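User: Could you take a close look at one part of this structure for me, and then set a helix pair beside it?

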Amino acid sequence: MRRTPLRRLAALALSAVTLVGGLVAVQAPAAAVPAGFDHTIYWNNVLLKTYRAVGGPPTVLARAGAMMHLAMYDATASLSGSVGTPYLGKVARLPNWSYDLDMNVDMAAFKVLQSVFPGRDFTADWQGARTYPPIGEPGPEGWSTSVGEGTAQNMINARANDNSTVNTPYTLINAAGQWRPTEAGTSAAGPNWGRVKPFALTSSSQFRPSLPGGFPNITAMLTSTDYATQVNDVRRLGAATGSTRTADQTQAAFFWANDLDGTYKPPGQLFAHTQIIAKAKGTANTSKLFALVAMAMADASIAAWDAKYETDIDLWRPDTAIAEPQNDGNPDTVPQPAWEPLSTAADGTHFSPNFPAYISGHATFAGAWAGIMKRYYGTDAVTFTATTEDPKAVGVQRTFTSFSAAANENALSRLWLGVHYRWDADAGLATGDAVANRVFGNYLR
């Protein structure tokens, strides 16, 4: 995204603009633009603020992020010939109106957010973005935001029937190995999300991994030595008490969690890390970078939820496999009724997320994120210091020497938190990277 240079403010004594049906009216002079003000990062921060406020599953949040950033990118592609091909197509300018790129990007973000979060008002965020006026002489009719409105509406229309609002209840499978709620009063989250129309994949199952461990059915899986190894690995490393985890693994487990409402959730953490890298390493086009990351994470959520709910095994969580007496037919998985995962709710109780374990959503998000970042920058070897909002890791920062190192730790953190098996992490990383390869190789070129 273009940064508005300070020297251009002398061109006009203009100010913040007021929305008038897709066009804008000029008001009194505004303050100088701060150095480095970036409209993509500004709206990404608005998105993260919204994630904290609305909460909910990461699937819905990732979709919103993709819609916003892709509409912003298409506005950029429509008004600038240097960023690459648009996602949905260019929107033409109206005659006799002037177009400011930043203003139209702001409009695209504003209109999409108003659509996907109808209970929230983003007017103040629009006004904050428009504190700095468009530069140059307006056309005979003035300034227009019709391009930004058009790319936003194109995105809203494209996602109107994408199955994201389907709410068919989940039917529990009463059999060993199959998922069931681990917390009283909860039900399956997002059981239909694997049927949502992807942004880039040919189908939600395009990169569906094999069943856990590569076994042909649930009986073969449960009775295998591999399954016993997976369960006992989590039993040792992921326990709330008496684990063999190191202090560093415990810190990493909470660092990557961000499962609780009030945080920016897993997609938000990876957006925040994208900001850190974009600011430190630089990029010629933040609009394109964030659009690629957002699209990959949205499709990562669809691919992960397809694997969770749309196969023959909706794998139960470790706390069910370990703590509850089960007839799994495996002599090496002895129940431990007192076992609890390290994962901790706001009230101090221990919990697992309310959807099947395989594959890990965190790992799939991480694989998709790292896959885009290393392809975008042309190298995996980028050192950066990452942050978190999890309440059990306040102020913690962790430094990585590559995107893949961060993604691998993110994936394994779910094992250390006691909510996933190792094969959930491995398959999630592979699926996420396949999604990233598809996105980067075929879109916004």
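Analyst: Happy to: a single threonine comes first, and a helix pair follows. This is a predicted model, where local features need pLDDT of at least 70, side-chain atom pairs count only at pLDDT 80 or more, and totals for chains, interfaces and linings use all residues. Residues are numbered from 1 along each chain as its sequence is written, and side-chain values use heavy atoms, without hydrogens or water.

Thr283 sits in the loop linking α9 (265-281) to α10 (286-309); helices are DSSP runs of H or I, at least four residues, numbered from the N terminus. Because its relative accessible area is 17%, Thr283 is buried (under 20%, 1.4 Å probe, protein chains only). Its side chain makes a polar contact of 2.3 Å with the side chain of Tyr376 (N or O atoms within 3.5 Å, one able to donate a hydrogen and the other to accept it; sequence-adjacent residues count only through side-chain atoms). The Thr283 side chain also reaches the backbone nitrogen of Asn285, at 3.2 Å. Beyond neighbours within four places in sequence, Thr283 is in contact (heavy atoms within 4.5 Å) with Ala278, Leu289, Tyr376 and Tyr377.

Now for the helix pair. Helices α1 (residues 39-54) and α2 (residues 58-79) pack at about 160°, their axes 11 Å apart (lines fitted to C-alpha atoms over the stretch in contact; angles run from 0 to 180 degrees between N-to-C directions). The two are therefore roughly antiparallel (over 145 degrees). Residues that meet include Trp43 and Leu47 in α1, and Gly65 and Met68 in α2.

Key. Buried means under 20% relative accessible area, exposed over 50%, partly exposed in between (1.4 Å probe, protein chains only). Angles under 35 degrees count as roughly parallel, over 145 as roughly antiparallel, 65 to 115 as roughly perpendicular and the rest as oblique.
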